[in-house]
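Visitor: I would like to be guided through the structure shown below. May we take it one question at a time?

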Amino acid sequence: GIARAWWKEAVAYQIYPRSFMDGNGDGIGDLAGITARLDHLSDLGVDVIWLSPHYDSPDRDNGYDIRDYRAVSEKFGSMEEFDALLAGLHARGMKLLVDLVVNHTSDQHAWFAESRASRDAQKRDWYIWADPAPGGGPPNDWPSFFSTPAWSWDEATGQYYLHLFAPEQPDLNWENPAVRGAVWDLMRFWLDKGVDGFRMDVIPFISKTPGFPPIPEGGTPQKHYAEGPHLHDYLREMRTEVLSQYDVMTVGEGNGLDQAQMRRMVDARRGELDMIFQFDVVEFDRGEGGWPRDWTLPEFKAIFARQAASMDAHGWTTVYLANHDTTRPVSRYGDDAPGWRVPSAKALMTLLLTQVGTPFLYQGDEIGMTNFPFTAIAQFDDIAVRNAWARAQKAGTADEAQFLARLNRTSRDHTRTPMQWDGGPGAGFTSGQPWLVINPNAEAVNVAADRADPKGIYDWTRAMIALRHAEPALVYGGYRDLAPNHPALFAYAREIGEGGLCVVLNMAREPQRFALPRAAEPVMASGADLEGREIRLDGWGACICRWS
Ligand code: TEU
Ligand code: CA
């Protein structure tokens, strides 16, 4: 059987601090704001909070460019307010994961200033410097994730430095033991404060192929830095040096990795990470040039079957539908049209909370927040958008209408708009001018309105979390897709031995009927009922039964 662990049984919830709750009216969410809203989280029943970066940062990439790993962002508050948040979570029985962003730092980090000072600076090899290619230009053809080359020229010292993301996010040189030691130190700093673990940003990318070879023919540049030659050594060193001394949980991003590679990072016998974010669910519907493509439900279901199959007694995964890099699940996998938003959001919450892996909810999805209807490029904040637009303009290919159409279905800013607490001004998020646009539907779609509705999404989500906590089969049970080819129904069983639960979701508007393969009792239903062995489902209905 599977060894029990608190982090396998937990339900996690991601907070993007600048958009959760503004405590002081400057328009930016902050730590005091989160602390003021802790009852929202404990009422919901979540066990673990993942807090996106709360550190001192020039915010080129909204905190994923860290200037000082041991300081709290002035925008978010003080170290005292961090301690108060942590104490408030612990007092309510919740745990806190902080974000560990150590593939790169900000270019304003003191380490980078020292590194770029001169070619023989003591910290020169804390970052990745290289001479121009023999014919001139960058050392190789790797692109960054933000529409520029991955190399930037440093005029003063006559070399290029590597950045897989923005030029303001230089990559650390993990080959250097002093760099690793500094990372272990900053991890201990937060662990000694009592944080309960880390979410690890682009952790598969920390080890680069020496010599920086060009992109392989027909391949991708990730080949040379996702699961690079020393990734597993570094992760094991991290466990020996740091993690093994604390009872904590770790979750790594799995970007750029296939199933076998991800599996190596979370196999408990290897002593690396506890669980991983698999990327299929947030990448499978992207086609040419990042445009959304048409997809079918069997494709979607196959992702969850693969996630389940990738894990066994020795490995663990997560399940999630959104984070701060995606769009809103109800607009993406559900149906955000009037009349369908609420039932489809409930169906998606049911899916999230009954699948294999530790579930991660994203803020606002518990009330079915939707994508934002962007009408102008000026409304976006994300560096990914700004850089892509700048590049298109430079290349003379900028077509604003087309660009907007694509971003309305793909931009990361859809999940970054402020949390909608009530229907008042500032959506109850701020008494000031919000840092990012607030969705015009906040008047109707908000926490106060949803919680006042006994058939609301929040209450359904709370009941689903309670069910997950009560039913070991939902955590440790096996996974069986009961109708992998059905075009509209998602039906599966979570079983331990002979017993277990069966989940049937209608993922479309047309009513459906589903004949269960064996007798069952209803457990929870929304827009569905069980008669004999047949489940009748309204559009986007959801039903959970227990095998008799
Ligand atoms: O994201 C890394 C990642 O998975 C990318 O695919 C990201 O979604 C893409 O760049 C979007 O344009 C992590 C963080 O979650 C993201 O917010 C940061 O921008 C990035 O690392 C750099 O730290
Ligand atoms: Ca604030």
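**Strands, core and ligand**

Visitor: Which residue is the bridge partner of Glu531 in strand 19?

Guide: This is a predicted model, in which local features need pLDDT of at least 70 and side-chain atom pairs count only at pLDDT 80 or more, while totals for chains, interfaces and linings use all residues. Residues are numbered from 1 along each chain as its sequence is written, and chains are lettered from A and ligands numbered from 1 in the order in which they are written. Strands (E, at least two residues) are DSSP runs, numbered from the N terminus, and two strands pair if DSSP finds at least two bridges between them. In strand 19, Glu531 is bridged to Glu534.

Visitor: How many residues lie between strand 18 and strand 19 in their hairpin?

Guide: Strand 18 (residues 520–531) pairs with strand 19 in the antiparallel sense over 10 bridges. Gly532, in the turn, has a positive phi of about 60°. The number of residues between the two strands is two.

Visitor: Which residue of strand 19 stands opposite Val504?

Guide: Strand 16 (residues 499–506) is joined to strand 19 (residues 534–547) by five antiparallel bridges. Opposite Val504 in strand 19 stands Cys543.

Visitor: Which helix gives the largest share of the largest nonpolar core?

Guide: A nonpolar core is a set of buried Ala, Val, Leu, Ile, Met, Phe, Trp, Tyr and Cys residues joined through C-beta atoms within 7 Å; buried means that 20 or more other C-beta atoms, placed from the backbone, lie within 10 Å of the residue's own. This core has 145 residues, and those touching the most other members include Leu97, Val504 and Cys543. Its largest share is eight residues, from a helix (a DSSP run of H or I, at least four residues). That helix, covering residues 341–354, is helix 12.

Visitor: Why is one side of strand 6 and of strand 7 left without a neighbour in the sheet?

Guide: Three strands form an open, antiparallel sheet in the order 6-8-7. Strand 6 (129–130) and strand 7 (151–154) stand at the edges, so one side of each lacks a neighbour because each has a single partner strand.

Visitor: How many charged residues are in the shell around ligand 1?

Guide: Of the 13 residues around ligand 1 (C-beta atom, placed from the backbone, within 6 Å), Tyr64, Phe145, Asn255, Asp325 and Ala384 come nearest. Asp, Glu, Lys and Arg count as charged; Ala, Val, Leu, Ile, Met, Phe, Trp, Tyr, Cys and Pro as nonpolar; and the others, Gly among them, as polar. By class, the shell has six nonpolar and two polar residues, and the number of charged residues is five.

Technical notes. Buried ≥ 20, exposed ≤ 12 C-beta atoms within 10 Å, placed from the backbone.
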